[in-house]
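I opened this model to look up one side chain and one nucleic acid contact surface. My notes are below the display.

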Amino acid sequence: MPELPEVEVTRRGIAGPLAGAQVVAARLGKPLRWPLGCAPATLSGATVGGAERRGKYLWLPLAREARPAGGLLLHLGMSGSLAWLPGGAASEPGPHDHFDLVTDRGTLRLHDPRRFGAVLWSPALDAAPAAPLLARLGAEPFDPALTPARFHAALQRRRAPIKAVLLDGSVVVGAGNIYACEALFAAAIHPALRAALRSTLARALALGGSTLRDFSDVHGGAGAFQSQAAVYGRAGQPCPRCGAALARRVMAQRSTYFCAACQRR
DNA sequence: AGTTAAACCTGGTTGC
DNA sequence: TGCAACCAGGTTTAAC
């Protein structure tokens, strides 16, 4: 269940037990997205520093005699989950348990039926192979540096539909398919906003544009779109979609017409 | 450069 | 009941 909230819940669940634990052994199951990148035995003896998160990736720093000894970059993919099995001998791994990090306090076990997940050893978070994977990630959604202005500017540079931009994570990380849909609904933004914009403009073009008082084409003719507008200039009239009275509100010094009933918030 | 499609896997659900 | 087709929480990689 791995979008940002699920990954963060996982991190909070393992960070405590893992911090200061000493690796006793590591066990691999079937191949995941990438090979581990080191012999599992070389992890033994390292101390786990805890658990950090970047986007949907988890990072488990490792140390030897207080010196950095790389770390493990984990991703849960589509079907992955982590379990903390406290105590000595963990239960026998099931057919979908593809990685065990056995420590002196318990075992961290990756369960991932579809195996889109990954466990990747990297000498540091800012070195290959971890760094290139994190490099393309956008802002953390709760980062104060992600101001409305910056968010807006980043979105403006993109031409793909808003839903695709959210999923792609290069503007802001964390939203997967569920939360992208939910966030767009909460903001009452159509996932294909760009397509809606294009079709609206194309229809207006076909009708010669909108003539309120001034506009005329090069032959002095008037446009006809204004009579087809669903909401513009129609405050108080029934919404063509749900029948509720259309509203007018000033936003950014401009009259904004909308339906408060079916365009939520 | 930026957007889209294919690829990686398994398992559950749907439809014939 | 059996089996094919399709869908599922993601993201890299290759291709327009």
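These entries cover a histidine first, then the DNA.

**Entry 1: His98**

I am working with a predicted model. I looked up where His98 sits, and found His98 in strand β7, which spans residues 97-103. Is His98 buried or exposed? I read a relative accessibility of 1% for His98. The cut-off for buried is under 20%, so His98 counts as buried.

Next I listed the contacts of His98, skipping neighbours within four places in sequence. I got Arg27, Leu28, Gly29, Lys30 and Leu32, along with Leu110, Asp112 and Arg115. Which backbone atom lies 3.1 Å from a polar atom of the His98 side chain? I found the backbone nitrogen of Lys30.

**Entry 2: DNA strand B**

I then turned to the residues around DNA strand B. Two of the His98 contacts, Lys30 and Arg115, come up again here. The others around the strand are Arg33, His96, Pro113, Arg114, Phe116, Arg158, Arg159 and Ala160. Of the strand B atoms that come within 4 Å of the protein, sugar and phosphate make up 61%. I sorted the nearby residues by type: 6 are charged, 3 nonpolar and 1 polar.

**Entry 3: Polar distances to DNA strand B**

I checked Arg115 here. An N or O atom of the Arg115 side chain is 2.8 Å from a sugar or linking oxygen of DNA strand B. For Arg159, I noted a backbone N or O atom 2.6 Å from a phosphate oxygen of the strand. For Ala160, a polar backbone atom is 3.4 Å from a phosphate oxygen of DNA strand B.

Key
Residues numbered from 1 in each chain as written. Chains lettered and ligands numbered in written order. Predicted model: local features only at pLDDT ≥ 70, side-chain atom pairs only at ≥ 80, totals over all residues. Heavy atoms only, no water. Helix = DSSP H or I, 4+ residues; strand = E, 2+ residues; numbered from the N terminus. Buried < 20%, exposed > 50% of the residue type's maximum accessible area, 1.4 Å probe, protein only. Polar contact = N/O pair within 3.5 Å; in protein donor to acceptor, adjacent residues only side chain to side chain. Contact = heavy atoms within 4.5 Å. Near = heavy atom within 4 Å. Nonpolar A, V, L, I, M, F, W, Y, C, P; charged D, E, K, R; others polar.
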